[in-house]
Amino acid sequence: MLQAISAELSESLLGARLERISQTDAHTIVLYISGARREKRALLISTDSANPRVHLTTDPPPSLPEAPTFCRALRKHLSGHRLTRVAAGEWERVLQFSFERGGGDSFALMAEVMGRWSNLVLLSGATGEILEARRFVPPGPHTPRPLERGGRYQLPPEQKKQNPGALTKEALLEMIRESNLGSASREDFARWLVRSVAGVSPVLARELALASGDGEGWAGAADALMGVIESYQNKEFAPAWILGADGEPVGLSAARIGGGDAAKYRAFGSMNEAADAFYGRLVRDSRLDERKKVVSRMLRRAGNRVRSSIEGVRRDLASAGEADAVLRKGELLLAHLDVVEEKASVVSLPAEDGPLEIALDPRFTPSENAQKYFRRYKKLKRRASTGLVRLQEMEEEERFIGALAFDLETAEVVEDVLSVEEALAQSGYAGRGGRKKEKDARPKGRQAARARPYRRFISPAGWEVVVGKNAMGNDEILRSVGRASDTWLHARGVPGSHVLLRRTGDGPPLEPDAESLAQAAAFAAYFSRGRTDSRLTVAYLPFPRLRKPKGRRPGQVLIGAHETVLVDPDVGKRLSEEWEEVL
């Protein structure tokens, strides 16, 4: 793959000027290069141990707020220089990018794509001196190749594997026989190939193992590997995704395996295009999972906090039921001050239903103890009057957290997860371990376009259905999308999307017909937590009758009189796939 990418970069980028350099995370830099026609290309180089890679990208990630030391060094030495050479050594895991400025200094950027040992090293073109590195390696008795600022650069040590360029089919079959692999499983044979032959990835090894039938001694795999080696030597590349049983990409290939199933490959016009699409998908899914875990922890903390508050309010309400008994004790004390001994800790006084034992604080006089009971009575009465309101507020807060949990569960892209995070932050739940304030968290430099937090569908009959993606999308629908002539819908009693139904075009507003209303209700049912039910009740009413009291959380509203319709959520799923979505 490195050879294929190197060949394509040499063809398209040589002589191009390096305009800008950004660092997008701890492992990844992006070089923005402008060609002779002022065509700008973004070259991504990542030393991420899980996904080390080099390829052109059409969707570079946003820059970090502040450039780290390595990025600043690249800017200092390489900005404004022209790319004069891209080279991958024979069977090497290193790409060299040479930069020069007319009549000036020259530099080399070495991209070492070697799994957890991946690195980026900046060299002086004249001396080979190491100027900067993503990761330095100090010298030591067990260090085969130190990397120090000011030291001389050396290529990574050769792997203790067979050089494919010196391999013949007969030699490979002899290696297989010596390793007693005649009856090995395909998994064991693939692992042996990775350990034994340089340049063979686990994905390629599995494909090679499949090229042999049972009982043929891996001759088919040997033929397939020799074909790959020949393609490499002749620079005949076939960029493709390797597809799994479910049709999803599981790896990249720069050469077609001889005798392989053509249906297992998805061809691309270039290796850079294939790598960009593959890693863009892989890293996006990885970022989505990682961010979901972070926000899930935030939601758990918020939920625990709200539940703790609810339990506290309920305890207060339970104790408020003692108010009348407390008042009675204070009145009895006040009526019998003359019989209460000073410094007593308890006294028994006559009452209508028999003697009543009253606890006293011996530090205070009987009169002061009576006043304490009266103050306690007033406090309990206040608690009772505010407790119910507070309990309703906390229970509504719990429902809000539950709705955000549903938003997180159904989030399909990182932007949707960030919307959940933003709703939490706006509600005061970011706290320790949450995101920085928006002005601090916003990346500088190139910014990704803000994803619209709602979806729009157009029915064949000319009706538009707007569906909020999450709490922030629901809030935007309430604040800026909804119109006076719209009909608002929401699945009743469960978290879900706010839905608007409106007539498209410039004509006068029309009342929705029963079919269009039922279709919009099906959207509201499907985009809710009740989507697995066979039937779900959806509430609807004119948009102007919605109320959003001050202080409510994002997407929360109060509805008054409304009507309902019973629908099948599966209809909403089918319509969302069949109707035109306005992007």
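Start by selecting S516, which sits in helix α13 (residues 514–526). Bear in mind as you look around that this is a predicted model. Is S516 buried or exposed? Its relative accessible area is 4%, and because buried means under 20%, S516 counts as buried. Show its surroundings and, leaving out residues up to four places away in sequence, you will find W463 and L501 touching S516.

**Next stop: helix α12**

Now select residues 471–481, which form helix α12. This helix is mostly covered, with nine of its 11 residues buried. Which ones are they? Colour A471, M472, G473, N474, D475, E476, I477, L478 and V481 to see the buried set. To find what covers them, add the helices α9 (366–410) and α10 (414–426), which are among the covering elements. Then add the strands, including β15 (454–458), β16 (463–468), β17 (487–491) and β18 (499–503).

**Step back for the whole chain**

Zoom out until the full protein chain is in view. You can count 14 helices and 21 strands in it. Turn the model about: along its principal axes, the C-alpha trace spans about 110 × 70 × 60 Å. How does the radius of gyration stand against that of a compact globule, and what are the two values? For 583 residues a compact globule would come out near 25 Å, while this chain has 35 Å.

With a surface switched on, about 31000 Å² of the protein chain is exposed, and carbon and sulfur atoms supply 48% of that area. Of the 583 residues, 43% count as buried. Contacts tell you how the chain folds back on itself: taking those between residues at least 6 apart in sequence, 58% join residues at least 24 apart. If you colour by charge, look for 88 positive and 79 negative side chains, whose two centres lie 6 Å apart.

**Into the nonpolar cores**

In soluble globular proteins, nonpolar side chains tend to be buried together. To see this here, select L31, I45, F97 and L109. The largest nonpolar core has 42 residues, and these four touch the most other members. Centre the view on F97 and show what surrounds it. Apart from its neighbours within four places in sequence, F97 is in contact with L9, L43, I45, V54, L83, R85, V86, F107, A108, L109 and A111. There is also a second, separate core of 31 residues, and W192, V200, A224 and A240 are among its members.

**Two loops with a positive phi**

Go to W91, in the loop between β5 (82–88) and β6 (94–100). What is its phi? The value is near 55°, which is positive in a residue other than glycine. W91 is partly exposed, at a relative accessible area of 22%.

Then move to K235, in the loop that links α6 (219–233) and β10 (240–243). K235 also has a positive phi near 55°, and it too is a residue other than glycine. With a relative accessible area of 47%, K235 is partly exposed.

**A helix end and its neighbours**

Select R195 in helix α4 (residues 186–196). R195 has 54% relative accessibility, and because exposed means over 50%, R195 counts as exposed. Beyond its neighbours within four places in sequence, R195 is in contact with K160 and K161. Try the distance tool on R195 and Q162: they are 33 residues apart in sequence, and their C-alpha atoms are 9.2 Å apart in space.

**Two long distances to finish**

Pick V346, in strand β13 (residues 346–349). V346 is partly exposed at 41% relative accessibility. Its contacts, leaving aside neighbours within four places in sequence, are E357, I358, A359 and L360. Now draw a line from V346 to V413. How many Å separate their C-alpha atoms? The separation is 67 Å, for residues 67 apart along the chain.

Finish at V294 in helix α7 (residues 271–320). V294 is buried, with a relative accessible area of 17%. Draw one more line, from V294 to A88: these residues are 206 apart along the chain, and 39 Å separates their C-alpha atoms.

Methods
Residues numbered from 1 in each chain as written. Predicted model: local features only at pLDDT ≥ 70, side-chain atom pairs only at ≥ 80, totals over all residues. Heavy atoms only, no water. Helix = DSSP H or I, 4+ residues; strand = E, 2+ residues; numbered from the N terminus. Rg over C-alpha atoms; globule rule 2.2 N^0.38 Å. Buried < 20%, exposed > 50% of the residue type's maximum accessible area, 1.4 Å probe, protein only. Contact = heavy atoms within 4.5 Å. Areas by Shrake-Rupley, 256 points an atom, 1.4 Å probe, with all protein chains shown as cover. Lys, Arg positive; Asp, Glu negative; His and termini not counted. Charge placed at Lys NZ, Arg CZ, Asp CG, Glu CD. Core = buried A, V, L, I, M, F, W, Y, C linked by side-chain atoms within 4.5 Å.
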